[in-house]
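Visitor: I should like to understand how the descriptive terms applied to this structure are justified. Could you take me through the reasoning?

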Amino acid sequence: MPFFFATPSSRTLTELDHARLSHLIDVHRVSHWQRADVVPSRQVAPDVVTLYSLIEVQRPGQPGPHKLALCYPDDAEPEQGFVSVLSPMGMALLGLRLGDTARWREPSGEAAQATIVAMLFQPESSGDYST
């Protein structure tokens, strides 16, 4: 089942994330990609989810928010909160802003969603433009 984005119409990616993701998409043959505004890393807003951002998300029906970091597939450890950017959830979250709700389909086909309730760390905001 293809990934889908039923989220805000505008999405922002840093140039570095865009280049690296384009390579990953080619390697992993991901067939669906959301259009995004591509900006230099130094110009990305501090509330945009970029690779290796640490965020808190709230999922409906769960008692409280949980932390997760968006990462490359080789670094993914979902049980530890490291979510691959190529997973349905990761692709839905990338480029969204604090307060946005990401929507995707789980591998089972079930619809899922999560609202970004806190931005705990964004590499670019701390001056790291090369993660």
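Guide: The following exchange sets computed values for this predicted model against the criteria behind each term.

Visitor: Why is Thr50 called buried?

Guide: Thr50 has a relative accessibility of 1%, and the term applies under 20%; Thr50 therefore counts as buried. The residue is found in the loop between β2 (37–39) and β3. Leaving aside neighbours within four places in sequence, its contacts include Thr14, Asp17, Leu70 and Glu124. The C-alpha atoms of Thr50 and Leu16 are 9.9 Å apart, with their positions 34 residues apart along the chain.

Visitor: What makes Ser41 buried?

Guide: The value for Ser41 is 10% relative accessibility. Since the limit is 20%, Ser41 also counts as buried. Its place is likewise in the loop between β2 and β3. Beyond four places in sequence, Ser41 touches Thr14, Glu15, Leu16, Glu124 and Tyr129.

Visitor: Why is the pair of Tyr52 and Tyr72 called tilted?

Guide: A pair of aromatic rings is described by the distance of the centres and the angle of the planes. For Tyr52 and Tyr72 the centres are 5.6 Å apart and the planes stand at 55°. Centres within 6.5 Å make a pair, and an angle neither under 30 degrees nor over 60 is classed as tilted; the pair is therefore tilted. The structure holds 1 aromatic pair.

Visitor: What makes this pair a tie between separate parts of the sequence?

Guide: Tyr52 lies in the loop between β2 and β3, whereas Tyr72 lies in the loop between β4 and β5 (82–84), so the pair ties together parts that are 20 residues apart in sequence. Both Tyr52 and Tyr72 are buried.

Visitor: How do you know that Asp100 has no salt bridge?

Guide: The nearest side chain of opposite charge, Arg97, is 5.9 Å away from Asp100, and a salt bridge requires a distance within 4 Å. Asp100 is nevertheless buried. Its side chain reaches the backbone nitrogen of Arg97 at 2.8 Å, and a polar contact is counted within 3.5 Å. Asp100 is placed in the loop between α2 (88–93) and β6 (101–105).

Visitor: Which residues touch the most other members of the largest nonpolar core?

Guide: They are Ile55, Val57, Met89 and Leu93, in a core of 25 residues. Two or more residues come from each of β3 (54–58), β4 (66–71), α2, β6 and β7 (111–121); β7 gives the most, with 4 residues. Among the contacts of Val57 beyond four places in sequence are Leu68, Met89, Leu93 and Ile116.

Key
Residues are numbered from 1 along each chain as its sequence is written. This is a predicted model: local features need pLDDT of at least 70, side-chain atom pairs count only at pLDDT 80 or more; totals for chains, interfaces and linings use all residues. Side-chain values use heavy atoms; hydrogens and water are left out. Buried means under 20% relative accessible area, exposed over 50%, partly exposed in between (1.4 Å probe, protein chains only). Lys and Arg count as positive and Asp and Glu as negative; His and the chain ends are not counted. A polar contact is a pair of N or O atoms within 3.5 Å; within protein, one must be able to donate a hydrogen and the other to accept it, and residues adjacent in sequence count only if both atoms are side-chain atoms. A nonpolar core is a set of buried Ala, Val, Leu, Ile, Met, Phe, Trp, Tyr and Cys residues joined through side-chain atoms within 4.5 Å. Contact means heavy atoms within 4.5 Å. Rings of Phe, Tyr and Trp (its six-membered ring) pair if their centres lie within 6.5 Å; planes under 30 degrees apart count as stacked, over 60 as edge-to-face and the rest as tilted.
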